[in-house]
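This report walks through a structure from one aromatic residue outward. Rings come first, then sheets.

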Amino acid sequence: MVRGRSDGSERPLAAYRESAYMFRQFREEVETALSAALSSLDLPTDDLGVEEPPEDVPATLASSVAFRLAGVVGAPPPKIAVDIAEELSAEGYDYLAAVDTQGPYVNFHVSDAYYDDTLESAATDEAYGRLPATGDSVVVEHTSANPTGPVHVGRTRNPVIGDAVANLLDFAGNDVERHYYVNDAGRQMAVFTWAYETFDEDDLEGEPARERVEYDLVRYYRKGNAFLEAADPEEVERAEAEITEILQGIEEGDEETYARVETVVDQVLGGMRECLERLPAEFDEFVKETRFMFDGSTRDLAERLKETDHAVYEEDAWQLELDDYGFEKNLVFLRSDDTSLYTTRDLAHHEWKFDNYDRAVTVLGEDHKLQSGQLRAALDILGNDVNKLENVIYSWVNLPGGETMSTRKGTGVMLDDLLDEAIDRARDEVETRLEGRTRDDDLDESDIDRIARQVGIGAVRYDIVSKQPTKTITFEWDQALNFEAQSAPYIQYVHARCCGIADEAAAAGLDASEADPAVLTTDAERDLLATIARFPAVVETAADDLEPHTVATFARELAEVFNTFYRECPVLDADEEVGAARLALVEASRNAVANALSIVGVEAPESM
RNA sequence: GGGCGCGUAGCUCAGUCGGACAGAGCGUCGGACUUCUAAUCCGAUGGUCGCGGGUUCGAAUCCCGUCGCGCUCUCCA
């Protein structure tokens with residue numbers, strides 16, 4: 001579509017795709033040029049101090065190196081900055097065009113080619129921002145909630161962050177698989193299985209809150225737990241014996257017991273999976289922990305642990321001393337009855353990951369932080385390269401008023417209800433706005449359904465994914481479902497606007513292939529292009545740090561500069577040359593917004 | 001009590017591997033729809049960056065202390 005650069009040269013298509021890395025290349029050029037200048041002045045090059053300047057500074061990158069050299073050189077920073085700028089040559093670079101100073105800062109300016117290539121790349125490449133293949137396979141494990149009942153909002157941070165991390169790593173060039181680790185061998189599932197087999201429909205409290213299997217079966221789980229807490233001690237003892245029998249059956253690999261437990265597990269998990277698909281959070285594999293018991297790997301691993309220097313046999317149980325790793329208490333890996341623990345099985349699980357993937361990322365709540373540290377230590381003791389294992393830890397979601405969420409007690413807001421409410425509110429918005437709508441594209445009933453779903457669910461996801469995972473967040477309806485600025489709909493709206501303009505332009509016969517980036521001269525146009533140029537670097541940093549929320553922030557910033565551009569720079573009513581270039585800018589914006597949204601897991605509507 | 005995390009505007013949050021006057025949105029107040037979708041834009045208002053020390057040319061950011069909140073310290077998961 002966009003042909004030729006403003007200097008008239010032609011480049012092959014493959015090279016356009018390479019130029020998806022303009023900001024990153026520019027950064028390298030700045031570092032190279034600055035190093036060279038410092039070297040020729042006999043100054044140290046270990047800390048270049050390259051950073052992004054504040055918004056009101058008209059440079060793309062800057063260096064604060066002059067501050068640090070003041071002591072070495074014995075001159076004031078502004079003087080040093082000038083010396084460096086004079087020594088620095090911007091000759092021979094693609095994107096570094098000029099250097100100047102502003103007080104103690106050395107500022108670096110980009111060439112026209114930087115903008116030209118950004119526009120070419122972003123407007124023509126639907127995958128704009130995607131980084132080159134790393135060759136790494138990465139398994140992202142997230143959610144992994146025990147299959148005890150409906151997914152509630154307290155758990156929602158995990159699939160939302162997890163899915164975004166997986167999307168991000170994928171977009172950063174990795175070969176990603178998404179796993180849900182199913183705890184099907186623990187006491188909770190034994191209790192559930194016993195309760196499911198013991199009680200009848202008549203024994204249960206109330207009707208299922210929703211027509212789906214996990215809402216039905218969770219009533220058995222709650223009934224079982226209530227019984228164990230309150231029933232006659234003799235009856236409780238009898239029940240406990242049955243529960244223990246189930247646990248031991250699993251441990252011994254008894255197929256009949258396994259089948260009984262899986263009857264419950266598979267049903268409940270199936271329902272939870274349907275709920276998660278609404279987000280949507282989908283998985284390549286549901287990995288059951290019983291797998292690592294039945295294949296003998298947990299047993300083998302325990303034997304190997306016993307052989308290590310850290311293993312001790314105390315109080316009839318095999319334990320691991322982890323003082324060297326900063327843990328005071330020992331980690332028991334075999335109970336006194338010789339059965340394995342959750343962590344033992346998880347160790348086998350992680351060695352399996354190491355055998356099959358180059359990297360393993362786990363998204364988990366802060367309540368699992370200690371356990372994950374012990375896991376890492378034990379994996380290290382077993383001789384694994386624990387650098388392959390990375391965690392993303394998130395804090396709890398509070399309800400206003402400090403109410404806690406519990407599947408067992410049946411308290412908390414269910415994710416299904418949250419999503420239904422979000423979609424209902426979004427539908428109200430759509431219908432309200434329909435009256436004042438100026439665009440005549442005749443939204444029909446199915447469009448309204450689609451928009452309500454995209455906007456409602458998008459708002460919930462964005463509200464969660466846009467915040468730093470380490471911070472505790474308070475869930476409030478009005479805030480999560482605010483459809484205005486700093487929300488998913490605000491960004492989605494930009495995408496819809498881009499699509500609308502593209503449609504109108506096509507109908508009017510406007511052609512972006514004639515675009516000449518040199519005619520984009522207003523601040524609004526340059527700001528938009530400069531923001532789009534940063535996108536690949538944003539993806540790179542976010543992926544390195546496993547921080548999808550920075551992509552959410554970028555998407556919002558991009559939407560803001562686009563809306564200013566939209567306000568000030570008409571596309572269809574501009575003269576043909578300017579219109580064509582602006583249309584290319586709209587297409588570039590659409591690609592960047594669509595891809596940023598897809599990373600954070602929010603749909604990009606073509607109309608709304 | 002020990003370990004870890006968090007504390008930024010009335011509210012919700014960016015910024016946190018030291019750098020240009022601490023930024024948004026919501027709220028409040030005031031403007032802009034005969035103009036590609038007003039889920040928009042423009043302006044005003046609003047801050048002892050929990051508190052106290054320290055390091056530094058420079059600290060919301062690093063160090064020490066302290067207060068508050070959360071998580072955690074099971075032969076649970």
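The model is predicted. Begin with Phe171. This residue is buried, at a relative accessible area of 5%. Phe535 is buried too, with a relative accessible area of 0%. Both values fall under the 20% cut-off for burial, so both residues count as buried.

**Aromatic contacts**

How many aromatic pairs does a search of the whole structure find? The search gives 23. One of them joins Phe171 and Phe535: the ring centres are 6.3 Å apart and the planes meet at 40°, so the pair is tilted. Phe171 belongs to helix H6, and Phe535 to helix H19 (residues 523–545). The pair therefore ties together parts that are 364 residues apart in sequence.

Elsewhere, Phe26, Tyr95, Tyr114 and Tyr115 make up one aromatic cluster. Tyr115 also has a charge over its ring, that of Arg526. The ring of Tyr566 carries the charged end of Arg497. The table lists both cases.

| Charged residue | Ring | Distance to ring centre |
|---|---|---|
| Arg497 | Tyr566 | 3.7 Å |
| Arg526 | Tyr115 | 4.0 Å |

**The five-stranded sheet**

Helix H6 (residues 157–171) leads to a sheet. The helix lies across strand S5 (137–141), S6, strand S11 (359–365) and S12. Its direction makes about 155° with S11.

The sheet is open and has five strands, in the order S7-S6-S5-S11-S12. Pairing is parallel. Which strands stand at the edges? They are S7 (285–288) and S12 (389–394). Each has a single partner strand, so one side of each lacks a neighbour in the sheet. Neighbouring strands are turned by 25° against each other on average, direction ignored.

At the S7 edge, strand S6 (residues 175–182) runs parallel to S7 and is joined to it by four bridges. There, Tyr181 stands opposite Val287 of S7.

**The four-stranded sheet**

A four-stranded open sheet has antiparallel pairing. Its strand order is S1-S2-S4-S3. The edge strands are S1 (50–51) and S3 (96–102); each has a single partner, so one side of each is left without a neighbour in the sheet.

S3 pairs with strand S4 (residues 105–110) over six bridges, in the antiparallel sense. Ala98 stands opposite His109 in S4. Helix H4 (residues 77–87) packs on this sheet and touches S3 and S4. The direction of H4 makes about 160° with that of S3.

Key. Residues are numbered from 1 along each chain as its sequence is written. Chains are lettered from A and ligands numbered from 1 in the order in which they are written. This is a predicted model: local features need pLDDT of at least 70, side-chain atom pairs count only at pLDDT 80 or more; totals for chains, interfaces and linings use all residues. Side-chain values use heavy atoms; hydrogens and water are left out. Two strands pair if DSSP finds at least two bridges between them. Helices (H or I, at least four residues) and strands (E, at least two) are DSSP runs, numbered from the N terminus. Axes are lines fitted to C-alpha atoms, for helices over the stretch in contact, and angles run from 0 to 180 degrees between N-to-C directions. Contact means heavy atoms within 4.5 Å. Rings of Phe, Tyr and Trp (its six-membered ring) pair if their centres lie within 6.5 Å; planes under 30 degrees apart count as stacked, over 60 as edge-to-face and the rest as tilted. Buried means under 20% relative accessible area, exposed over 50%, partly exposed in between (1.4 Å probe, protein chains only). A charge sits over a ring if NZ of Lys or CZ of Arg is within 6 Å of the ring centre and within 35 degrees of the ring normal.
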